[in-house]
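The following exercises concern one protein structure and are each followed by a worked solution. Please keep the sequence and the model at hand while working through them.

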Amino acid sequence: MSGLGTPIRALLIEDNPGDARLIREMLRDAAGSHEQVELAQADRLSAGLERLSQQDVEIVLLDLSLPDSHGFDTFTTVRTHAPDVAIVVLSGLDDETLAVRAVQEGAQDYLVKGQVDGGAILRSMRYAIERQRLESVRRDLERQRDEFFSSVSHDLRTPVAAIKAAIGVVLANMPPALSPQLQHLLGNIDLAADELTGLIEDLLEMARLQSGRVELWRTSVDVRDVISRAARALEPLIQARGQRVLYSPPAEPVRALVDAERLGRVLRNLLGNAQKYGHENGTILVGVERRPTELCISVTDDGPGIAPEDQERIFERFFRVSGSGSSGSGLGLAIARALVELHGGLLSVESAPGRGSTFRVVLPID
């Protein structure tokens, strides 16, 4: 990265010779007696991409209207080709909507020709390079964190499996005269092993999702059966709290091309949350509806509801609603949404404090 005494290595992609000369002169004047920018130029997008491949460039000053590319596609092409290079759009078009979109998609700034001087361009370039550096550091830290979770989770699998197997043997051969207190403790060990296994699987699945290593194995299934199996898996926990599940599936099969195991994981997560956050002796409503172009599955609880400001945040990794009073990794809903989106669908929530929550899975169907 360029320091204050090191020239910025920049590439100007601009096809207008007059604009290119003016920008070069403005930057030279702003720099004063010190050369602060090493500016290369390309008059075509193709030539600019070739220079990016061949030269060490820190920042691109990009005009969106070029002979071989026009509009926002120009930006996305450069961004895809050089994701670690800062981009400042330098356009003749004063379009607020386009500017906001460019920044949202990764541009570090959007400047309008004729409205900025050399000093403003130079400052924008330096700020852009620093922000891009920090973004690269953030992405690298996230990658290291995901690799760490994946490695640790793999390492934990074997000892947890050994604990689970050992406690299973003990429970299967438990002496009749064993005290109720010891029986209770052994049962708690078995439950804790199950919870730890679930957490490890969540960490591994999140690592796979983050690295793009999740492949869906789609088959044509009756979604009614996937829902029923998910509900049966949670049945002991639901019954332990005196809750009941109301599920009245359609009489006709509801077929869809999905990864049944991963859709089941999504539904187990939603039903598990309904069981945890719903009232004791309460009711969990489950519904499935086939529409002309999509399939909708809903899970409704009678719990405390979710504040409006938290309704999107609950799908973030490791986020937990404050004061919820329930344990959890904060990964379940993030994984569920990612799996639904891999299917090309949408997972959303409707809720209000004190009125419970309804989670909806909408999947496209042919």
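**Exercise 1. An unusual backbone angle**

At 62% relative accessibility, asparagine 281 counts as exposed, where exposed means over 50% relative accessible area, buried under 20%, and partly exposed in between (1.4 Å probe, protein chains only). The model is predicted, so local features need pLDDT of at least 70 and side-chain atom pairs count only at pLDDT 80 or more, whereas totals for chains, interfaces and linings use all residues. Residues are numbered from 1 along each chain as its sequence is written, and side-chain values use heavy atoms, with hydrogens and water left out.

Task: locate asparagine 281 and state what phi it has.

Solution. Step 1: asparagine 281 is found in the loop between α9 (260-277) and β11 (283-290); helices (H or I, at least four residues) and strands (E, at least two) are DSSP runs, numbered from the N terminus. Step 2: its phi is positive, about 60°, although asparagine 281 is not a glycine. Step 3: for comparison, most residues other than glycine have a negative phi.

**Exercise 2. Aromatic pairs**

Task: determine how many aromatic pairs there are, and classify each by its geometry.

Solution. Step 1: rings of Phe, Tyr and Trp (its six-membered ring) pair if their centres lie within 6.5 Å; planes under 30 degrees apart count as stacked, over 60 as edge-to-face and the rest as tilted. By this rule the count is two aromatic pairs.

Step 2: the ring centres of phenylalanine 72 and phenylalanine 75 are 5.4 Å apart and the planes stand at 45°, so this pair is tilted. Both residues belong to helix α3 (residues 72-81), where they are three residues apart, about one turn of the helix. Phenylalanine 72 is buried at 8% relative accessibility, and phenylalanine 75 is buried at 1%.

Step 3: phenylalanine 315 and phenylalanine 359 form an edge-to-face pair, with 6.3 Å centre to centre and 75° between the planes. This pair links distant parts of the chain, 44 residues apart: phenylalanine 315 is in the loop between β12 (294-301) and α10 (332-342), and phenylalanine 359 is in strand β14 (residues 357-364). Phenylalanine 315 has a relative accessible area of 7% and is buried; phenylalanine 359, with 6%, is also buried.

**Exercise 3. Charges over rings**

Task: identify which arginine lies over the face of phenylalanine 72 and which lies over that of phenylalanine 315.

Solution. Step 1: a charge sits over a ring if NZ of Lys or CZ of Arg is within 6 Å of the ring centre and within 35 degrees of the ring normal. Step 2: arginine 101 lies over phenylalanine 72, at 3.9 Å from the ring centre. Step 3: arginine 337 takes this position over phenylalanine 315, at 3.8 Å from the ring centre. Step 4: leaving aside neighbours within four places in sequence, the contacts of phenylalanine 315 (heavy atoms within 4.5 Å) include Arg337, Leu333, Val349 and Phe359.

**Exercise 4. The faces of two helices**

Task: establish where the buried residues of α1 lie around its axis, and do likewise for α2.

Solution. Step 1: in α1, the buried residues are Ala20, Ile23, Met26, Leu27 and Ala31. They cover an arc of only 130° around the axis, which puts them on the same side of α1; the arc is that of the directions from the helix axis to the C-beta atoms. The exposed residues Pro17, Arg21 and Asp29 are on the face turned away from this buried side. Cover for the buried residues includes β1 (8-13), β2 (37-42), β3 (59-62), β6 (86-91) and α5 (118-172).

Step 2: helix α2 (residues 45-54) has Leu45, Gly48, Leu49 and Leu52 as its buried residues. Seen down the axis, these fall within an arc of 100°, so they line one face of α2. Ser53 and Gln54 are the exposed residues carried by the face turned away from the buried side. The buried residues of α2 pack against β1, β2, β3, β4 (65-66), β5 (69-70) and α3.

**Exercise 5. A loop residue**

Task: decide whether histidine 343 is buried or exposed, and list what it touches.

Solution. Step 1: histidine 343 is placed in the loop between α10 and β13 (346-351). Step 2: histidine 343 counts as buried, at 7% relative accessibility. Step 3: not counting residues up to four places away in sequence, histidine 343 touches Leu216, Arg218, Val258, Asp259, Leu363 and Pro364.
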